[in-house]
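Welcome, and please take a moment to turn the model around before reading on. The paragraphs below will walk you through it step by step.

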Amino acid sequence: MTRLNTTRFALSVLLAGTALAAVVPAQAQPMMGEMGVHHDEGRMHERMTKHWEKRQTELKAKLHLTTAQEPAWNAFVQSMKMPAKPLMQPLDREAMAKLSTPERMEKMNSVHEANLAGMQSHVKQRSEATRTFYNQLTAEQQKVFDAETLPEHSRWKGKRD
């Protein structure tokens, strides 16, 4: 049961990371909003970071960590931060245009495999960090952690509380 919850948490972190990586690519064109307004990617990243920090503060308060657990918490929070560079590397469209179709397909496959390997490595790192921290918690704290890190399914399905 514990492994399932840890896995769910890791998957929710991956989904959030993937969404953030899709929003903040290094060479992306600005996205158009519903009303034709450009999204400010820097502001979006800042809002997501503030939301993440708020959730971490709330979780820490609910866990009632001991002084001995503080180093494990700090390591956990540090490892859960988004990487400095995007997980997915963008394609060089100008270079791709110069390639033949088979060469382009080969290049796209290699970039895809590199991106996938990077994401898998990132998820593995976060999963390991979660397990390490989780094992430092008491049984009561683990119950709180499990409840607080469940994905918010109602938002995923378009329902509001």
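Which residues of α5 are buried? In this predicted model, the buried residues of α5 are V111, N115, M119, H122, V123, R126, S127, A129, T130, F133 and Y134. Helix α5 covers residues 101-134, and its length can be checked with a little arithmetic. At 1.5 Å a residue, its 34 residues should span 50 Å; the C-alpha atoms at the two ends lie 48 Å apart, which agrees.

Now let us step back to the whole chain. The protein chain has seven helices and zero strands, so if you read from the N terminus on, the order of elements is simply α-α-α-α-α-α-α. Of its 161 residues, 27% are buried. The accessible surface of the chain comes to about 11,500 Å², and carbon and sulfur atoms account for 57% of that surface. Sequence distance is worth a thought here too: among contacts between residues at least 6 apart in sequence, 67% join residues at least 24 apart.

How far can each part be trusted? The mean pLDDT of the protein chain is 78, and 68% of the residues score at least 70. Over residues 26-36 the pLDDT is below 50, and in the model this stretch has 13 contacts beyond near neighbours in sequence. Among the elements, helix α6 (residues 139-148) has the highest mean pLDDT, 93, while helix α7 (residues 153-156) has the lowest, 54.

Next, look for charged partners. How many salt bridges does a search of the whole structure find? The search finds four, and we can visit three of them, including one within α5. There, E128 forms a salt bridge with R131, with the closest N and O atoms 3.6 Å apart. Both residues sit in helix α5, three residues apart, which is about one turn of the helix. An α-helix has 3.6 residues a turn, so residues three or four places apart point the same way. E128 counts as partly exposed because its relative accessibility is 45%, and R131 is partly exposed as well, with a relative accessible area of 33%.

Helix α2 (residues 41-63) offers another pair within one helix, E58 and K54, four residues apart or about one turn. Their side chains meet in a salt bridge at 3.9 Å, N to O. Are E58 and K54 exposed or partly exposed? E58 has 33% relative accessibility, so this residue counts as partly exposed; K54, at 52%, counts as exposed. The cut-off that separates the two classes is 50%.

The side chains of K60 and E70 also meet in a salt bridge, at 3.1 Å from N to O. This pair links distant parts of the chain, since K60 belongs to helix α2 and E70 to helix α3 (residues 70-80), ten residues apart. K60 has a relative accessibility of 30% and therefore counts as partly exposed; E70, at 23%, counts as partly exposed too.

Just before E70 you will meet Q69, in the loop between α2 and α3. Is Q69 buried or exposed? Its relative accessible area is 6%, so Q69 is buried. The side chain of Q69 has a polar atom 2.9 Å from the backbone nitrogen of T66, and this side chain also reaches the backbone oxygen of Q136 at 2.9 Å. Leaving aside neighbours within four places in sequence, Q69 is in contact with H64, Q136, L137, T138 and Q141.

Two more residues round off the walk. W52 has its place in helix α2 and, at 26% relative accessibility, counts as partly exposed. The C-alpha atom of W52 is 9.8 Å from that of M80, although 28 residues along the chain separate the two. L150 lies in the loop between α6 and α7, and its relative accessible area of 40% makes this residue partly exposed. Where does L150 stand relative to R8? The two are 142 residues apart in sequence, yet their C-alpha atoms are 7.0 Å apart in space.

Methods. Residues are numbered from 1 along each chain as its sequence is written. This is a predicted model: local features need pLDDT of at least 70, side-chain atom pairs count only at pLDDT 80 or more; totals for chains, interfaces and linings use all residues. Side-chain values use heavy atoms; hydrogens and water are left out. Buried means under 20% relative accessible area, exposed over 50%, partly exposed in between (1.4 Å probe, protein chains only). Contact means heavy atoms within 4.5 Å. Accessible areas come from the Shrake-Rupley method with a 1.4 Å probe; for residues, only the protein chains shown count as cover. pLDDT is the predictor's confidence in each residue, from 0 to 100. The expected span of a helix is 1.5 Å times one less than its number of residues. A polar contact is a pair of N or O atoms within 3.5 Å; within protein, one must be able to donate a hydrogen and the other to accept it, and residues adjacent in sequence count only if both atoms are side-chain atoms.
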